[in-house]
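Subject: A structure for you to look at

Hello,

Here is the structure I promised to pass on. Please open it first, and then read on for what I found in it.

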Amino acid sequence: MQESPEQAYTDLLRQLASPAGTDPEVLADKFGDVERMHSMGQITDWQLQNAQEAYARTPGSKMAEAAD
């Protein structure tokens, strides 16, 4: 069974809150899923912005690397 958009969003935020031991590629894939759900209207603008900010603060994320 596939995750609902709300479950995917919540799971991503949980993993971003405690990313130690999580492969950065897994986080990138989950973040990409949330972006796709947003483009399909399943995730709100606020949720996407919140996820982007949390992802950008995660060491090893592509967004954090770009900021450096």
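Let me begin at one particular spot: just after α2, G41 takes a positive phi of about 80°. This glycine sits in the loop between α2 and α3. Is G41 buried or exposed? G41 counts as exposed, because its relative accessibility is 62% and the cut-off for exposed is over 50%. Along the chain, G41 and P5 are 36 residues apart, yet their C-alpha atoms are separated by 9.8 Å. Please keep in mind that this is a predicted model.

Now a step back to the whole protein. You will find 4 helices and 0 strands, and from the N terminus on the order reads α-α-α-α. Of its 68 residues, 31% count as buried. Among the contacts with a separation of 6 or more, 49% are between residues 24 or more positions apart.

The helix just before that glycine deserves a closer look. Helix α2 covers residues 24-39. Its 16 residues should span 22 Å at 1.5 Å a residue, and the end C-alpha atoms are 23 Å apart, which agrees. The buried residues of α2 are L27, A28, F31, G32, V34 and M37. As a general point, an α-helix has 3.6 residues a turn, so residues three or four places apart point the same way.

How does α2 meet its neighbour? Helix α1 (residues 5-17) packs against α2 at an angle of about 145°, and the two axes are 10 Å apart. Their crossing is left-handed. On the α1 side, the contact is made by P5, A8, Y9, D11, L12, Q15 and L16; on the α2 side, V26, L27, K30, F31, V34 and M37 take part. Sorted by class, this contact has 10 nonpolar, 1 polar and 2 charged residues.

One of the contact residues in α1 is D11. Is D11 buried or exposed? D11 is buried, because its relative accessible area is 18% and buried means under 20%. Leaving aside residues up to four places away in sequence, D11 touches E3 and K30.

Next, the nonpolar core. The largest one has 14 residues, and those with the most contacts inside it are L12, L16, F31, V34, I43, A51 and Y55. Which elements give two or more residues to this core? They are α1, α2 and α3, the last of these running over 45-56. The largest share, 5 residues, comes from α2.

I43, one of the core residues with the most contacts, is worth selecting on your screen. Not counting residues up to four places away in sequence, I43 touches P5, Y9, V34, M37, H38 and L48. Of these, P5 and Y9 are also on the α1 side of the helix contact described above, while V34 and M37 are on its α2 side.

Finally, a residue of helix α3: D45. D45 is exposed, because its relative accessible area is 60% and exposed means over 50%. D45 and E35 are 10 residues apart in sequence, and their C-alpha atoms are 10.0 Å apart in space.

If you want a route through the model, you could start at G41 in the loop between α2 and α3, then turn to the contact of α1 with α2, and end with the 14 residues of the largest nonpolar core.

Best wishes

Note on methods
Residues numbered from 1 in each chain as written. Predicted model: local features only at pLDDT ≥ 70, side-chain atom pairs only at ≥ 80, totals over all residues. Heavy atoms only, no water. Axes fitted to C-alpha atoms, helices over the stretch in contact; angles between N-to-C directions. Left-handed = near helix turned anticlockwise from the far one by under 90°. Contact = heavy atoms within 4.5 Å. Nonpolar A, V, L, I, M, F, W, Y, C, P; charged D, E, K, R; others polar. Core = buried A, V, L, I, M, F, W, Y, C linked by side-chain atoms within 4.5 Å. Buried < 20%, exposed > 50% of the residue type's maximum accessible area, 1.4 Å probe, protein only. Expected span 1.5 Å × (residues − 1).
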